[in-house]
Amino acid sequence: PLAEFTSYSSRGGLDYDQAVIYSLPPYPYLLGVFVPIYGVLFEWVTYIGILPLLLAMVGAIRRRQFFWIAVVFVAVLFSLGSNLEFFPWVFRLISVLKFLRVPARAWFIVAIGGCVLAAHGMHTLLVELLPRLFNESPKFPILSRWMPSARIVFPLLVIITAIDLL
């Protein structure tokens, strides 16, 4: 039924030029992951925040979340769309892509994957890194008494992220 319906819809016969019209330009928008870029098309906003990005990197490296790393990588490549040399070949090979009109919207999947990786990074920070830093520090034994709890660290990081995104 879906295949029959799409032949009657406006997206049933999108050609390549219509499907990739809002592909994410690599420069400067991939740099927007690290520095927010204002006044651009909302489809091309790539900033998720410095702290979530750092936590996502910690989660990706320390927890070895290969599935989510692959999801983020594929979504970044897809969001670039026509700016990649092999995208026309993929577009013709995978016929389902003809129903998707704006490749830059795949950045939503990048943001979800980044959130999952940041959650793993937060877990690594609170459960592994901070206790090891404060409890096993022979140079600073007094630090073990001042170890911040997750009840303090987590809201503090959320507030810092909210300020960063504002």
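Arg105 has 43% relative accessibility, so Arg105 counts as partly exposed. The model worked on here is predicted.

**Exercise 1. Find the partner of Arg105 in a salt bridge, and decide whether that partner is buried or exposed.**

Step 1. Look for a carboxyl oxygen close to the Arg105 side chain. Glu43 supplies one: the closest N and O atoms are 3.1 Å apart. The cut-off for a salt bridge is 4 Å, so the pair qualifies.

Step 2. Place both residues. Glu43 sits in the loop between H3 and H4, and Arg105 in the loop between H6 and H7. They are 62 residues apart, so the bridge links distant parts of the chain.

Step 3. Check the cover. Buried means under 20% relative accessible area. Glu43 has 12% relative accessibility, so Glu43 is buried.

**Exercise 2. How many salt bridges does the structure hold, and which residues are joined into one network?**

Step 1. Count. The structure holds three salt bridges. One of them is the Glu43 and Arg105 pair.

Step 2. Go to Glu128. This residue pairs with Arg62, with the closest N and O atoms 3.3 Å apart. Glu128 lies in helix H7 and Arg62 in helix H4, 66 residues apart.

Step 3. Look at Arg63. Arg63 also bridges to Glu128, at 3.7 Å between the closest N and O atoms. Arg63 is in the loop between H4 and H5, 65 residues from Glu128.

Step 4. Join the pairs. Shared partners put Arg62, Arg63 and Glu128 into one network.

Step 5. Check accessibility. Glu128 has 25%, Arg63 has 28% and Arg62 has 37%. Each of these values lies between 20% and 50%, so each residue counts as partly exposed.

**Exercise 3. Where on helix H4 do its buried residues fall?**

Step 1. Get the helix's dimensions. H4 has 13 residues and reaches 18 Å from its first C-alpha to its last. That is close to the 18 Å expected at 1.5 Å a residue.

Step 2. List the buried residues. They are Pro52, Leu53, Leu55, Ala56, Gly59 and Ala60.

Step 3. Look down the axis. The buried residues of H4 fall within an arc of 165 degrees, so they line one face of the helix.

Step 4. Recall the geometry. An α-helix has 3.6 residues a turn, so residues three or four places apart point the same way.

Step 5. Compare with Met57, which also lies in H4. At 39% relative accessibility, Met57 counts as partly exposed.

**Exercise 4. Which element gives the largest share of the nonpolar surface patch?**

Step 1. List the members. Tyr27, Leu31, Phe34, Val35, Ile50, Leu54, Met57 and Ile61 make a patch of about 840 Å².

Step 2. Sort them by element. H4 gives the largest share, four residues. Leu31 belongs elsewhere, in the loop between helix H3 and H4.

Step 3. Test one member. Leu31 has 47% relative accessibility, so Leu31 counts as partly exposed. Patch members need over 30%.

**Exercise 5. Which element gives the largest share of the largest nonpolar core?**

Step 1. Survey the fold. The protein has eight helices and zero strands. Of its 166 residues, 33% count as buried.

Step 2. Open the core. This core holds 32 residues; Leu24, Phe87, Phe91, Trp107 and Val110 touch the most other members.

Step 3. List the contributors. H2, H4, H5, H6, H7 and H8 each give two or more residues.

Step 4. Pick the leader. H7 gives the largest share, six residues.

Notes: Residues numbered from 1 in each chain as written. Predicted model: local features only at pLDDT ≥ 70, side-chain atom pairs only at ≥ 80, totals over all residues. Heavy atoms only, no water. Core = buried A, V, L, I, M, F, W, Y, C linked by side-chain atoms within 4.5 Å. Buried < 20%, exposed > 50% of the residue type's maximum accessible area, 1.4 Å probe, protein only. Patch = residues over 30% accessible without salt bridge, like charges linked within 9 Å, V, L, I, M, F, W, Y side chains within 5 Å. Areas by Shrake-Rupley, 256 points an atom, 1.4 Å probe, with all protein chains shown as cover. Expected span 1.5 Å × (residues − 1). Arc of directions from axis to C-beta.
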